[in-house]
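Thanks for sharing this one. Here are my notes, as numbered points to read with the structure open beside you.

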Amino acid sequence: MSVSAEPTSVDPRRNGSVPADTGAARTDTLRPHAEHAFADELTALAAQDDRPRPARWRLSPWAVATYLLGGTLPDGTVITPKYVGPRRVVEVAVTTLATDRALLLLGVPGTAKTWVSEHLAAAVSGDSTLLVQGTAGTPEEAIRYGWNYARLLAHGPSRDALVPSPVMRAMAEGRTARVEELTRIPADVQDSLITILSERTLPIPELGQEVQAVRGFNVIATANDRDRGVNELSSALRRRFNTVVLPLPETPEAEVDIVTRRVEQIGRSLDLPAVPDGVDEIRRVVTVFRELRDGVTADGRTKLKSPSGTLSTAEAISVVTGGLALAAHFGDGVLRAGDVAAGVLGAVVRDPAADRVVWQEYLETVVRERDGWSDFYRACREAGV
């Protein structure tokens with residue numbers, strides 16, 4: 001016997017990804033869902049999208065990719081890029097969702113996994129909120145279903161007492177469910193996805209029923225490859241996913257562009273004044289992060305020790321955004337070295353012992369000797385070595 005899950009209000013949020021540009025409409029909500037922030041673009045795409053659409057998809061695969069990567073529609077509507085990266089990566093991710101394979105977005109922290117996951121769900125299903133946030137304490141009920149214990153005690157197991165999970169709702173409604181940080185979820189809880197992804201069914205033995213997924217259902221999971229060995233995916237579960245690796249930006253110019261676009265958007269949402277000529281400091285932050293991350297200077301001449309942190313693009317965005325706030329509220333409105341120095345120090349020195357040695361060596365052997373960086377060197381020394 002099959003049963004359809006009734007919708008409930010599920011609206012968890014998680015931030016910390018690396019988008020490109022946004023162009024989102026201003027609202028009173030600090031962080032609107034993608035389907036709300038970009039409703040005009042999604043509507044314009046749907047109106048001009050004459051390509052085949054999989055069952056219950058709001059857009060065709062071509063239009064979903066255009067929404068993620070940006071472009072100009074025949075009527076002149078500009079679709080802002082949500083992700084800056086290899087086109088093929090997005091095309092493979094979208095195509096996976098059109099098949100019976102679930103999608104696993106893998107990459108180091110800060111490579112836009114959450115951001116891409118949210119926008120894919122918004123473009124495909126029109127709803128990015130069917131979300132399970134993975135943690136070490138995520139219970140099996142978050143993926144399968146739970147119970148309203150007052151009704152369960154009063155009337156026993158019944159359909160009214162059952163509380164559907166976001167995954168269960170997605171199955172019943174033919175939508176896209178999202179599972180964030182899959183490898184942080186305990187292994188036995190992870191494996192509750194196996195039957196869902198292989199059989200497309202969710203048994204409810206207490207009721208002698210099951211929820212069968214309708215066409216359009218799929219799952220997008222994210223995991224970062226720094227978490228290997230924490231809760232490694234079983235081979236049975238990994239086979240149910242098509243893994244797409246989201247890379248770090250290939251070039252410094254691409255990373256500077258990503259950081260600049262995102263910082264401008266965040267600044268607008270926080271009502272911070274626009275900072276003129278801030279790209280020079282952004283370029284310096286990106287250069288420091290890339291060199292320490294790669295273990296070599298940009299010219300390839302000097303090998304460097306790498307700190308324990310990831311120094312991701314997302315962290316660069318946070319550093320520059322903090323500097324933007326300092327320049328706006330406690331400076332002259334111009335983003336300067338002193339506004340970002342403390343943020344860079346905090347991002348690099350995560351381990352007070354080992355990372356501080358790495359930073360001191362980099363500061364004295366690279367930053368101090370680099371032409372045009374004397375102000376940055378002084379600011380970092382004043383921030384504390």
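**Notes on the predicted model**

1. Let me start in a loop. Arg200 sits in the loop that joins helix H9 (193–199) to strand E8 (201–204). Its phi is near 55°, a positive value in a residue other than glycine. That deserves a look, because most residues other than glycine have a negative phi. Is Arg200 buried or exposed? With a relative accessibility of 17%, Arg200 counts as buried, because the cut-off for that class is under 20%.

2. A word on confidence, since this is a predicted model. The average pLDDT of the chain is 89, and 90% of the residues score at least 70. The stretch to treat with care is residues 1–26, where pLDDT stays under 50. The model does have 89 contacts beyond four places in sequence for residues 1–26. Still, where pLDDT is low, the predicted coordinates should not be read in detail.

3. Ala112 also has a positive phi, near 75°, in a residue other than glycine. You will find Ala112 in the loop between strand E3 (102–107) and H5. Ala112 is buried, with a relative accessible area of 1%. Please have a look at the backbone there too.

4. Now to helix H2 (residues 39–48), where Glu41, Leu42, Ala44 and Leu45 are buried. Why do these residues fall on the same side of H2? They do so because the arc they cover around the axis is only 160°. On the other side of H2, the exposed residues are Asp40, Thr43 and Ala47. Note that a glutamate, Glu41, is in the buried set, while the exposed set includes an alanine, Ala47.

5. What lies over the buried residues of H2? The cover includes three helices, H1 (34–37), H3 (61–69) and H5 (113–125), together with strand E2 (78–79). Thr66 gives a close-up of this region: Thr66 belongs to helix H3, and among its contacts beyond four places in sequence is Leu45, one of the buried residues of H2. Thr66 also touches Gly71 and Ile79. At 11% relative accessibility, Thr66 itself counts as buried.

6. Helix H4 (residues 87–97) can be read in a similar way. Its buried residues are Val89, Val90, Ala93, Val94, Thr96 and Leu97. Their arc around the axis is only 160°, so they are on the same side of H4. The partners they pack against are H3, E3, H5, strand E10 (218–224) and strand E11 (241–245). H3 and H5 thus turn up again, because they also help to cover the buried residues of H2.

7. Helix H7 (residues 166–173) is mostly covered, with seven of its eight residues buried. Those seven are Pro166, Val167, Met168, Arg169, Ala170, Met171 and Ala172. The arginine among them, Arg169, is buried with a relative accessible area of 7%. After H7 comes Gly174, whose phi is positive, near 70°. To place Arg169 in the wider structure, take Pro109: the two are 60 residues apart along the chain, and their C-alpha atoms are separated by 29 Å.

8. Further along the chain, helix H16 (residues 374–383) holds Ala379. At 11% relative accessibility, Ala379 counts as buried. Which residues does Ala379 contact, leaving aside neighbours within four places in sequence? They are Ala337, Gly338 and Ala341. For a sense of distance, Ala379 and Asp75 are 304 residues apart in sequence and 49 Å apart in space, C-alpha to C-alpha.

9. Last, the cavities. How many of 30 Å³ or more does the structure hold? There is one, and the volume of the largest cavity is about 30 Å³. Its lining consists of Leu292, Leu304, Lys305, Val358, Glu361 and Tyr362. By class, four of the lining residues are nonpolar and two are charged, with no polar ones. Helix H15 (residues 354–367) gives the most to this lining, with three residues.

Definitions and conventions:
Residues numbered from 1 in each chain as written. Predicted model: local features only at pLDDT ≥ 70, side-chain atom pairs only at ≥ 80, totals over all residues. Heavy atoms only, no water. Buried < 20%, exposed > 50% of the residue type's maximum accessible area, 1.4 Å probe, protein only. Helix = DSSP H or I, 4+ residues; strand = E, 2+ residues; numbered from the N terminus. Arc of directions from axis to C-beta. Contact = heavy atoms within 4.5 Å. 1 Å grid on protein atoms, 1.4 Å probe; cavity = no way out; pocket = protein on both sides within 12 Å on 5 of 7 lines; lining within 4 Å. Points joined across faces, edges and corners; volume = space filled by probe spheres on them. Nonpolar A, V, L, I, M, F, W, Y, C, P; charged D, E, K, R; others polar. pLDDT = per-residue confidence, 0-100.
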